[in-house]
Amino acid sequence: MLEEKKNRDGFGSKLGVIAAAAGSAIGLGNIYRFPCELGENGGAAFLLVYLAVVLILGVPVMLSELVLGRNSQSNAVGAFKKLAPKTAWPIVGYMGVLCGFLILAFYSTVSGWTLEYIMKSVTNDFAGKDLKTIEQGFSDFHNMGWRNVMWQGVFLLLTAFVVYKGVQKGIEKYTKILMPMLLIILIVLGVRSATLPGAADGLRFLFNPDFSKLTGEVVISALGQGFFSLSMGMGVLITYGSYVNKNDRLASTALSVTLADTFVAILAGIVIFPAAFSFGIKPSAGMGLVFNTLPMIFDSMAGGYVICIVFFVLLAIAALTSTISLLEVIVAYISEEFHISREKATVIGALATFALGIFASLSLVQDTPFMLGGKTLFDSLDFVSSTILLPLGGLLIVIFVGWKFGKKSFLDELTNEGTIKSPLRNVIFFIVKYLAPLAIMVIFVSGFMS
Ligand code: PHE
């Protein structure tokens, strides 16, 4: 037991940390959610709010999580147990594990779709079809509940395979290969899309700010999207932080991950919007935009057959590096707190998630009985986790770091016991202690009153 503790698994290199954390951050949220939010909330005006949110609030909140993880060398629950024993703070950790579980349950549904769409593109299913027909295919597929469940199961199996292998031999090894591939393909697709006829309208839509759309609701949705996209507020970064080497620089890791995540989200917009405008599709068409618009566009491009396959493979990869991090939060918690092996914890975590996930998938079938609070179970899980639990978790985490963990411990961890000079360290702590809690609270409350 002691032996095991001393040799706690961890990341082998700084690049590995960034690949894993950026892999968690960059996911379906960047590719199917962000462009839709952008489309619905006023294009570049939303982008500006989003950038402000992630740079001013996101980086310090991310740092708070990484600091807690590395300092405590524990999973999300264990971190609070260690740093604040005999208090109610571990509830924040439990909330995080619960949130990860809820997200993984519906996220794995969408992840499974990417596998179905790899198959569709391999069999050239989109060839010659117009948008209506492709859209019909998408909703027909939703109605095949058990087919969704099957792909979801396969996806969770892939996720479990990587997590089962461990941090360095599993998570780090695979994310280090997969993330650069994703980036290259997105850049190629972005260039292709931005040079289509009529693409300029899409780019204008993306970058021309429409400030009249900026309501309180839009700000709260930028916050929600930011937390979701950076995988913050639920313990992924506490858990990954606990595997970071003591000599690594946390601040530059947090900044790199935030910038990479935002860059990819904008890039996804550059892939989707010019293409959508070029084919006369309304940008607020929802996530069908990714599953319908892109296949149709690829079909009309030279070499599109291959590009379409590669795109969905990479979408699957983006999803996979995120589901890995979600499952890791659950697995680290189960294995460390209940003292069972990683292997067993992986099986338990994956099966438990699948059990709930099945209902999330089946709730998308027409006339489904699986409704909750007037929404499909799928939408409810999404709403509860990303609109309520993530910001709330983030709020409690910064309050904990700012007011309980304290400035000295925070700065010691941030500067590696004073060995690195971090010019912004006081500003960062000020944000963590005052600005972030206040901003998250104001946005949260005003969101509920509107
Ligand atoms: N950040 C991921 C995405 O944008 C989703 C995610 C949220 C992953 C929370 C882990 C934790 O798709």
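A cavity here is a set of grid points where a 1.4 Å probe fits but cannot get out, and its lining residues have an atom within 4 Å of a point. The model is predicted.

**Cavities**

Five cavities of 30 Å³ or more occur in the structure. The volume of the largest is about 140 Å³. Its lining counts 18 residues, and S24, Y107, F228, S231 and L326 are the closest to its centre. Five helices each give two or more residues to this lining: α2 (14-25), α3 (28-40), α6 (90-122), α11 (216-229) and α15 (304-337). By class, the lining of the largest cavity holds ten nonpolar and eight polar residues. No charged residue takes part in that lining.

The second largest cavity encloses about 60 Å³. It has 14 lining residues; V92, G96, G233, M234 and I397 lie nearest its centre. Two or more residues each come from α5 (76-83), α6 and α17 (377-405). Among the elements, α6 gives the most to this lining, with five residues. The class count for the second largest cavity is nine nonpolar, five polar and no charged.

**The ligand**

Which cavity does the ligand take up? The ligand fills the space of the largest cavity. The elements giving two or more residues to its shell are α2, α3, α6, α11 and α15. In total, 16 residues surround the ligand, with A25, G29, Y107, F228 and S229 the closest. The shell splits into eight nonpolar and eight polar residues, with no charged ones.

Polar contacts are pairs of N or O atoms within 3.5 Å. Three such pairs are tabulated here.

| Residue | Protein atom | Ligand atom | Distance |
|---|---|---|---|
| L28 | backbone N or O | oxygen | 3.1 Å |
| N30 | polar side-chain atom | oxygen | 3.3 Å |
| S229 | polar backbone atom | nitrogen | 3.0 Å |

L28 and S229 use backbone atoms, whereas N30 uses its side chain. How much of the ligand does the protein bury? Taken alone, the ligand exposes 320 Å², and the protein buries 100% of that.

**Reading the two sites together**

Helix α6 gives two or more residues to the lining of the largest cavity and five to that of the second largest. Y107 and F228 are among the residues closest to the centre of the largest cavity, and both are also among the closest to the ligand. Charged residues are absent from the lining of the largest cavity, from that of the second largest and from the ligand shell.

Definitions and conventions: Residues numbered from 1 in each chain as written. Predicted model: local features only at pLDDT ≥ 70, side-chain atom pairs only at ≥ 80, totals over all residues. Heavy atoms only, no water. 1 Å grid on protein atoms, 1.4 Å probe; cavity = no way out; pocket = protein on both sides within 12 Å on 5 of 7 lines; lining within 4 Å. Points joined across faces, edges and corners; volume = space filled by probe spheres on them. Helix = DSSP H or I, 4+ residues; strand = E, 2+ residues; numbered from the N terminus. Nonpolar A, V, L, I, M, F, W, Y, C, P; charged D, E, K, R; others polar. Near = heavy atom within 4 Å. Polar contact = N/O pair within 3.5 Å; in protein donor to acceptor, adjacent residues only side chain to side chain. Areas by Shrake-Rupley, 256 points an atom, 1.4 Å probe, with all protein chains shown as cover. Sits in = over half its atoms within 2 Å of the grid points.
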